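Welcome! Here is a small set of exercises to help you find your way around a new model. Have the sequence and the 3D view open, and try each task before reading its solution.

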Amino acid sequence: MRFRGWIPLVLLTVLILAVGAFTAVRQDAFLTEYNINNLLLSTMPLALVAIGQTNALLVGGFDISVAALVTMCVVTASFTLKPDETTFALFLGSLAIVGVGLATGVFNATLIRILRLPSIIATLGTFSILEGASLLLRDHPEGPINADVIDALNTSIGVMPAAFIGVVVLAVLADVWLYRTRTGTAIRAVGLDEISSRRLGMSTGRIVFLAFVVCAVFASIAGFYSAAQVQIGSPIIGDYALTSIAAAVLGGASLAGGRGSFVGTLLAAFFLSLISNILPLFQQPTEYAQMTIGALILLALVLYQAPELIARFRSGRQTVGRLRTREGDAPAA
Amino acid sequence: MSTPGPESPVVLSLGGVSKAFGAVQALRDVSFDCRPGEVHALVGENGSGKSTLLGIASGFLAPDKGFVEIGGRRRRRGSPAEARRFGLGIAYQTYSHVLDLSVAENLYLAVPGNERPAYGRMETWAASTLEEFGLDVSVKASAGTLSLVQRQLLEVVKSLLARPKVLLLDEPTTALGPQEVEQLHALVRGRSSAGVGIVYVSHRLPEVLGIADRISVLRDGVSQGTFEAAGMTEDALVALMIGRPLQLAFPERDGDGRVPEALLEVSGLRGDRFGPIDLKVEKGEILGIAGAEGNGQVQFLRALAGVERSEGRASCDGDELNSKSPLAALRAGVVLLSGDRTRDSLFPVLSVRTNTTIQVLASLARLGFLRRRRERRTVDDMVRRLRVRLASIEQPVQSLSGGNQQKVSLTRPFLRGDVKVILAEEPTQGVDVGARFDIYEALRAKANEGVALVVKSSDPLELAGLCDRVVVMSRGKIVDEIRGDELGERRIVEAIVGGGVARANA
C-alpha cells in the first residue's frame with residue numbers, strides 16, 4: 001500500500017478517538033458497558049453492507065440495491081426465523097436469507113456484466129423491485145424474529161460482541177488480500193483500467209461479476225444483524241445504500257474504482273454509528289447526524305485528494321477538460 | 001501448458017478472417033501465418049486493418065468469420081487469457097499498463113501462474129527481470145510516471161514474460177530513438193533465433209526491411225500477399241500499400257484568398273509527445289499534417305487550440321496563444337474541429353439546430369431572447385450550403401450519418417465571423433465518399449475567405465488533393481515538407497514510411 005492509502009485510516013482513527021474522548025468527558029452515559037456494547041452491535045449492519053459495497057466500488061461500480069436488500073432480508077427473516085422453530089428449520093431459514101442475497105447478487109451482476117447496464121441504474125431497478133416486494137410481504141411491521149437467533153447474533157464477550165471481533169478480523173484479512181496477493185492486485189487493476197487488465201489476460205468479466213455477488217451476500221448477512229436490532233419483520237429499515245457508499249468513500253475508496261480499504265470502510269462505518277450514538281446523549285436531534293456526515297464526506301474527499309492536488313499544482317500539469325484520448329483505441333481507425 | 005503437442009510448422013495461423021465495425025469492413029477474408037524462428041512483418045497504411053488483425057490474433061477482438069490457431073491449437077472462445085495460455089505474447093501499440101499500479105505490480109500481473117514469484121518477492125523479482133532486459137527503471141515507481149520510451153520498452157518486456165511461442169509487436173518503436181530501436185531489434189533477433197515466431201507490425205519500412213524475413217501487406221482490410229523480405233524494396237512495398245486506382249474529386253486550388261502573410265506562427269513549440277516545432281501558415285493556405293498515427297500530430301494540433309499543455313511560442317495574427325486555455329485560443333480566432341466529434345464537439349442528443357448555433361446564440365438573440373425564426377433561417381442556410389442530408393433541423397444529431405454529423409460540426413466556424421485559423425483533425429474520418437467532397441469544398445471555401453487551415457489526416461490521398469502544402473511528422477517532429485508539384489499521395493506515403501528513420505540515421 002502506498003502512502004496515500006494510510007491517510008483515511010489515520011484520519012478516521014484520530015476522529016474516532018477525539019469524538020470518543022470528548023463525549024466520554026462530558027457524558028457519563030457514553031462509556032458504560034451497555035452503551036458501548038450497543039454501539040458496537042448497531043455498527044454491525046452498516047459495517048457489513050459497507051464492506052460489501054467496497055467490493056462494488058473497487059471494480060468501479062455502485063450497488064444501490066443493498067438498501068432494499070437488507071429490508072428484504074429482515075422481512076424474509078420474519079417468515080423463516082419465527083419463534084418456536086426447530087434448530088434445523090432455523091438453519092434452513094438462515095440459508096433462505098443468504099439465498100435472497102445470492103440471487104439478488106447474481107441478478108445485479110447479470111444486468112451489469114452481461115446486459116451491460118450501468119451499475120447505478122441496474123441496482124436502482126433492483127432496489128425498487130425489492131422494496132416493492134418487501135412491502136407486499138409485510139405492509140406494516142409484524143412477525144417477531146426468533147429470540148434465540150437474536151441472542152446468538154448478539155453474543156458478546158464482555159462488552160465486545162463476537163460478531164464485531166469477527167468483522168474486524170475479516171476486514172484486516174480482506175485488506176491483506178487486497179494489497180498482498182495477486183487476486184487482490186488483479187481486482188484493483190480491473191477497477192483502475194479495465195482495458196489493460198483484459199489485455200493482461202485477466203478475466204475481467206468474472207471479477208466484476210463476483211464483486212457484485214459478494215456485495216449482495218454481505219448485505220444479506222447485514223440483514224441478520226438488522227433483524228436482530230428491529231426484532232420484527234419491518235418493511236422500513238434505514239437507508240444503507242448511500243450510507244454504505246459514504247462509509248466506503250470515507251474509508252478511502254475511490255468512486256472511479258481501483259482504490260479502497262476494508263479496514264478503512266470498517267472504521268468509517270464505526271465512526272458514522274458513533275455520531276448517531278452520541279447525538280441523543282447530547283440531546284441533539286438526529287437530523288444533525290445526517291448533516292454532520294454529509295459535511296464530513298465532503299471534507300474527507302478534499303483531504304484524500306490533497307496529495308494529488310498538491311502534486312498537480314507543483315508540476316503545473318493540468319489537463320483541460322477531458323479531451324485527452326488514448327490514441328489508437330478506436331478499433332476502426 | 002502441459003501438452004505442447006507435436007511441433008507444428010506454424011506457431012500462429014489465421015484463416016479467412018473477416019471483421020466489420022458497424023458499416024466499416026476492417027478485414028476481409030485475410031489469412032496470415034507465422035513460422036517458428038521467423039520475423040514476419042505486417043505493413044499497411046493507417047486504417048488498413050493491421051491493429052484489427054492483431055486484436056483478433058490476441059483474442060481481444062472476436063472475428064466475424066475465420067479461425068485462429070496458436071501453436072497448432074484452434075482457439076474456441078476469443079479471450080486474451082486463452083491466447084496467452086496457448087503461447088501468444090503481445091505488446092500493444094497503446095500498451096497494457098495499469099498506470100496507477102507500480103512497475104513491479106504491472107510486471108507481476110503479466111506473468112502466468114507457473115512463472116509467478118511469491119507476492120512478497122515481487123519487487124526483487126521485478127528488479128532482476130528488468131535488469132535482464134537492460135531496462136533501468138524503478139520497480140516501485142507507478143507506471144504512469146514512466147517516460148514514453150520506458151513505457152514502450154516495459155510493454156515489450158511484459159509481452160516476453162510468459163515465454164511465448166509467438167510474439168506480436170504492434171508498432172513497437174513509435175516512441176523510440178534510433179539507439180533504442182537497435183536495442184529492441186537485437187532483442188527481437190535473439191528471440192527469433194531461439195525459435196520464437198515474431199509478428200512485427202510497423203509502418204517504418206526501413207526498419208521492417210532491416211529485420212523481417214517475410215512481409216505481408218494489407219490494404220483496406222484485404223491482404224495484398226506475402227513476400228520474402230530479401231527481394232523486396234521500399235518502392236515495391238509502397239506501391240502495394242497504396243496502389244488503389246480510385247480517384248477522389250477535390251476542389252480547385254484557385255488560391256483566391258491566398259495572401260503571402262503568415263497568420264499562424266509557431267516557434268519552438270513543444271509538449272507531450274511533440275516538439276520542438278516551427279511552422280508558419282499563411283492566410284488562405286491549407287496546410288496538411290501527415291504521419292503515422294501516434295507521432296504527436298494530434299497533440300500538436302490540440303496544443304495550438306489550448307486543449308493540451310505546451311511550451312514555446314504560438315501566435316495567431318500577432319495575438320499570443322495562451323497554451324492553457326481553449327477559450328483564449330477561441331478569442332484569438334483559432335477553432336479546433338475535433339476528430340472525435342461525438343465526444344468532443346457535438347451534443348449527440350440535441351438537435352441539428354441547437355448544435356449549429358450554440359456558439360453564436362448571442363448574435364441571434366434580442367434582449368436575451370432567441371429569435372427563433374432568424375435562428376432557423378441561419379441553420380437552413382448552413383444546411384443547404386454544406387449539403388447536410390437530414391429530415392428536419394430539429395432531428396437529434398446522433399440520428400445523422402457520420403458524414404452529416406461532421407458537416408454539422410463544420411457549420412460552427414462558418415457562423416463565427418471572427419475565425420482566423422481552423423485546425424481540423426481527421427475532417428473526413430468515417431465519412432462516406434460522397435459527403436467528403438462537400439467537406440473539402442467547405443474547407444476550401446473557408447480558405448478562400450482568407451482563413452488559414454491546418455488539416456491533420458491519416459489519409460495521404462486526401463492531404464495530397466486538398467492541401468497547398470503538407471508537413472510530415474515523425475516522433476513528434478516535422479521531418480519533411482512537401483509542396484508544389486511534388487505534392488502527391490506517393491510522395492507523402494514515402495515520407496511517412498521512410499522519413500523518420502532516414503532522418504534519425506543521418
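Four exercises with worked solutions follow.

This is a predicted model, in which local features need pLDDT of at least 70, side-chain atom pairs count only at pLDDT 80 or more, and totals for chains, interfaces and linings use all residues. Residues are numbered from 1 along each chain as its sequence is written, while chains are lettered from A and ligands numbered from 1 in the order in which they are written.

**Exercise 1. Confidence**

Task: Find the mean pLDDT of chain A and the stretches of chain B where pLDDT is below 50 or under 50.

Solution:
- Step 1. Start with the term: pLDDT is the predictor's confidence in each residue, from 0 to 100.
- Step 2. Chain A has a mean pLDDT of 88, with 91% of its residues at 70 or more. Chain B averages 86, and 92% of its residues score at least 70.
- Step 3. Among the elements of chain B, strand S8 (residues 197-201) has the highest mean pLDDT, 95, and helix H17 (residues 489-505) the lowest, 69. Helices (H or I, at least four residues) and strands (E, at least two) are DSSP runs, numbered from the N terminus.
- Step 4. In chain B, residues 1-6 have pLDDT below 50, and residues 500-506 stay under 50. Chain A has a stretch under 50 too, at residues 316-333.
- Step 5. Where pLDDT is low, the predicted coordinates should not be read in detail.

**Exercise 2. Two helices that cross**

Task: Describe how helix H2 (residues 33-58) and helix H12 (residues 262-281) of chain A cross.

Solution:
- Step 1. Their axes come within 8 Å and cross at roughly 140°. Axes are lines fitted to C-alpha atoms, for helices over the stretch in contact, and angles run from 0 to 180 degrees between N-to-C directions.
- Step 2. H2(A) and H12(A) are therefore oblique to each other; angles under 35 degrees count as roughly parallel, over 145 as roughly antiparallel, 65 to 115 as roughly perpendicular and the rest as oblique.
- Step 3. Look at the contact, where two residues count if their C-beta atoms, placed from the backbone, lie within 7 Å. On H2(A) the residues include A:Leu39, A:Leu46 and A:Ile51, and on H12(A) they include A:Phe262, A:Leu266 and A:Phe270.
- Step 4. Sort the contact residues: eleven are nonpolar, six polar and none charged. Here Ala, Val, Leu, Ile, Met, Phe, Trp, Tyr, Cys and Pro count as nonpolar, Asp, Glu, Lys and Arg as charged, and the others, Gly among them, as polar.

**Exercise 3. A sheet in chain B**

Task: In which order do the four strands of the open sheet in chain B lie?

Solution:
- Step 1. The order is S12-S11-S14-S15, with antiparallel pairing; two strands pair if DSSP finds at least two bridges between them.
- Step 2. Strands S12 (274-283) and S15 (319-320) are the edges, each pairing on one side only.
- Step 3. Six bridges join S11 (residues 259-271) to S14 (residues 310-316). B:Val266 stands opposite B:Ala314, and B:Leu264 has B:Cys316 as its bridge partner.
- Step 4. S14(B) and S15(B) form a hairpin with two residues between them, and B:Asp317 in the turn has a positive phi of about 50°.

**Exercise 4. Backbone surprises**

Task: Which peptide bond in chain B is cis?

Solution:
- Step 1. Most residues other than glycine have a negative phi, and most peptide bonds are trans.
- Step 2. The bond from B:Gly275 to B:Pro276 is cis, with omega near -5°, and B:Pro276 is found in strand S12 of chain B.
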